[in-house]
Amino acid sequence: MAANRRRTPVDPRHRRTLVAGGTALLAVVSVQAYGSASGAAAATTLTVAKDGSGQYSTVQAAVNAIPAGNTARVVVSVKPGTYRETVKIPSTKQNVTLQGSGPSRNDTVIVYNNASGTQKPDGSGTYGTSGSATVAAEGNGFQARNLTLSNDFDEAANQNMSGLQAVALRTAADKVFLDSVIVTGDQDTLLLDTASKATLGRVYMVNSYVVGNVDFIFGRASAVIDKSVITLKKRWNGSSAGYIAAPSTAAGRKGFLINSSTVNGDVSGASFYLGRPWHAGGDASLDPMATFRNTNLSAAIRSAPWTDMSGFSWKDDRFAEYKNTGPGAGAASSDRPQLSDAQAIAQETADWLDGWTPSAS
């Protein structure tokens, strides 16, 4: 998008052979995830380790080994280390989990440095914002747990480049569960999207951290960020100014709900907006939505916390707060709409998830 605008790792207990395209792949099978007296299929675990002690040395190699058309849960268990690579889980591979196997989410890091304006190696043009993602998850049922996903593109060293947006994680799927992860970058860190404008994309993020500075939580998904920490980061030149959320919600859909979380960061006071409306491609039919509720806001948040974007007024879309606390919270006004108690009842996590109950599997 333009600037304007732990769980405990699954313990393997048995082994079996997974046949994919006629090739036998040795896979570790966990009975913890799906095994039950009812005979439900156990999740397959593929192990990744940089030192060669796993089945694969890169995360993408493990993803590639999952058969196209897969719908059973496959856990890609990644041993501690820094994996400098891009990873894509295509829509043909559903129910894939990326899980760090170390004791901390800091121990396993997947990182790369593509930006929107980065030239592709084959000379076919630039990646664009969505194509810059370090990890791109397009398969429904995607989960990530106990690891760090990062884009460390150096804005300061690339000020002559057109297109500095650099995504750490892009999801374009339904029933996405992000649990105990760190997603970190600068501009456009976390893209929570859908497969198409007409497609539902529910996301539930919990016990996690998101770090960035400009529109760094954005997209058209119906997403809940719950019991998490949103950390504001200074710009490449040391200045403090930015925007947290840039929803691009389709009309009639839920947008972003930030619930029972904390907004913090070592930035100047009254320098960040909670968000602004992203009408992607100038689409006036969109109805961007973001609600911050029961969240502790640092003094970095402006007293008028919403702003316009690319000619679209935030007041024509759906932006609100409810019972926020902290020095960045404020009373209701025309510049700071607050939900009534009655309205808040219809803007809770269950309303966003619409019948889906996220669970580790």
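**Close-up 1. Asp 193 and its partner Arg 220.** In this predicted model, Asp 193 counts as buried because its relative accessibility is 18%, under the 20% limit. Its partner is Arg 220: the two side chains form a salt bridge, with 3.0 Å from N to O. Asp 193 sits in strand β13 (residues 190-193) and Arg 220 in the loop between β16 (214-219) and β17 (222-226), so this pair ties together parts that are 27 residues apart in sequence. Arg 220 itself comes out as partly exposed, at 26% relative accessibility.

**Close-up 2. Arg 276 meets Asp 215.** Here the side chains of Arg 276 and Asp 215 join in a salt bridge, at 2.8 Å from N to O. Look for Asp 215 in strand β16 and for Arg 276 in the loop between β22 (272-275) and β23 (289-293); the pair therefore links parts that are 61 residues apart in sequence. Both Arg 276 and Asp 215 are buried.

**Close-up 3. Glu 321 meets Arg 336.** A salt bridge connects these side chains, Glu 321 and Arg 336, at 2.6 Å from N to O. Glu 321 belongs to strand β25 (residues 318-322), while Arg 336 lies in the loop between β25 and α3 (341-345), so the bridge ties together parts that are 15 residues apart in sequence. Glu 321 is buried, with a relative accessible area of 1%, and Arg 336 is buried too, at 3%.

**Close-up 4. A network of salt bridges.** This view brings together Lys 88, Glu 138 and Arg 170, which are linked in a network of salt bridges. For the wider picture, the structure holds 14 salt bridges.

Key
Residues numbered from 1 in each chain as written. Predicted model: local features only at pLDDT ≥ 70, side-chain atom pairs only at ≥ 80, totals over all residues. Heavy atoms only, no water. Salt bridge = Lys/Arg side-chain N within 4 Å of Asp/Glu carboxyl O. Helix = DSSP H or I, 4+ residues; strand = E, 2+ residues; numbered from the N terminus. Buried < 20%, exposed > 50% of the residue type's maximum accessible area, 1.4 Å probe, protein only.
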